Amino acid sequence: MKKVFKKYQQYQISLLPESLEELISSTHLVRVVNETMERMDLQPLIDSYKGGGTSSYHPKMMMKILVYAYTEKIYSSRRIAKALRENVNFMWLSAKSRPDFRTINNFRSSRLKGLIDTVFSSTLEILIIQS
């Protein structure tokens with residue numbers, strides 16, 4: 001019998017990049033986290049930025065990746081940064097932004113200090129209301 005394999009061309013150049021949107025099912029947890037964070041009022045967090053200087057990653061995106069990382073039991077800033085480079089769900093959620101581990105750690109320890117309990121309790125309230 002003739003052996004038949006599915007086409008495999010590892011280094012095939014793609015003219016159009018694949019949409020990350022198509023790779024994630026409509027019921028995946030990452031979409032729930034995204035929708036939940038979109039409903040949250042993050043104005044107090046946004047107001048903590050002074051402005052001027054170099055641009056910052058958007059706090060909404062940073063919150064989304066942290067909340068999703070925690071739901072996936074990823075707590076290390078280095079592991080979150082690695083997931084942003086390697087995991088399709090994290091890439092989609094961050095719109096392919098790649099903050100490094102220092103940026104993630106700084107956001108978590110400086111920007112969220114005093115707000116983290118409020119953010120997570122608000123997230124739980126939204127999720128309870130949705131279900």
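**Notebook: helix packing and core**

I looked up H5 and H7 and found that they pack at an angle of about 125 degrees, with their axes 8 Å apart (axes being lines fitted to C-alpha atoms, for helices over the stretch in contact, and angles running from 0 to 180 degrees between N-to-C directions; helices being DSSP runs of H or I, at least four residues, numbered from the N terminus). H5 and H7 are therefore oblique to each other, since angles under 35 degrees count as roughly parallel, over 145 as roughly antiparallel, 65 to 115 as roughly perpendicular and the rest as oblique.

I noted that this is a predicted model, in which local features need pLDDT of at least 70 and side-chain atom pairs count only at pLDDT 80 or more, while totals for chains, interfaces and linings use all residues. Residues are numbered from 1 along each chain as its sequence is written, and side-chain values use heavy atoms, with hydrogens and water left out.

I then listed the contact (heavy atoms within 4.5 Å): Ser77, Arg78, Ile80, Ala81 and Leu84 of H5 meet Phe101, Ile104, Asn105 and Arg108 of H7.

I turned next to the largest nonpolar core (buried Ala, Val, Leu, Ile, Met, Phe, Trp, Tyr and Cys residues joined through side-chain atoms within 4.5 Å, where buried means under 20% relative accessible area with a 1.4 Å probe, protein chains only). Of its 30 residues, Met63, Ile65, Ile80, Phe90, Ile104 and Phe107 touch the most other members, and H4 gives the most to this core, with 8 residues. Not counting residues up to four places away in sequence, I found Phe90 touching Ile65, Tyr68, Ala69, Ile74, Ala83 and Leu84.

Methods: Buried means under 20% relative accessible area, exposed over 50%, partly exposed in between (1.4 Å probe, protein chains only). Helices (H or I, at least four residues) and strands (E, at least two) are DSSP runs, numbered from the N terminus.
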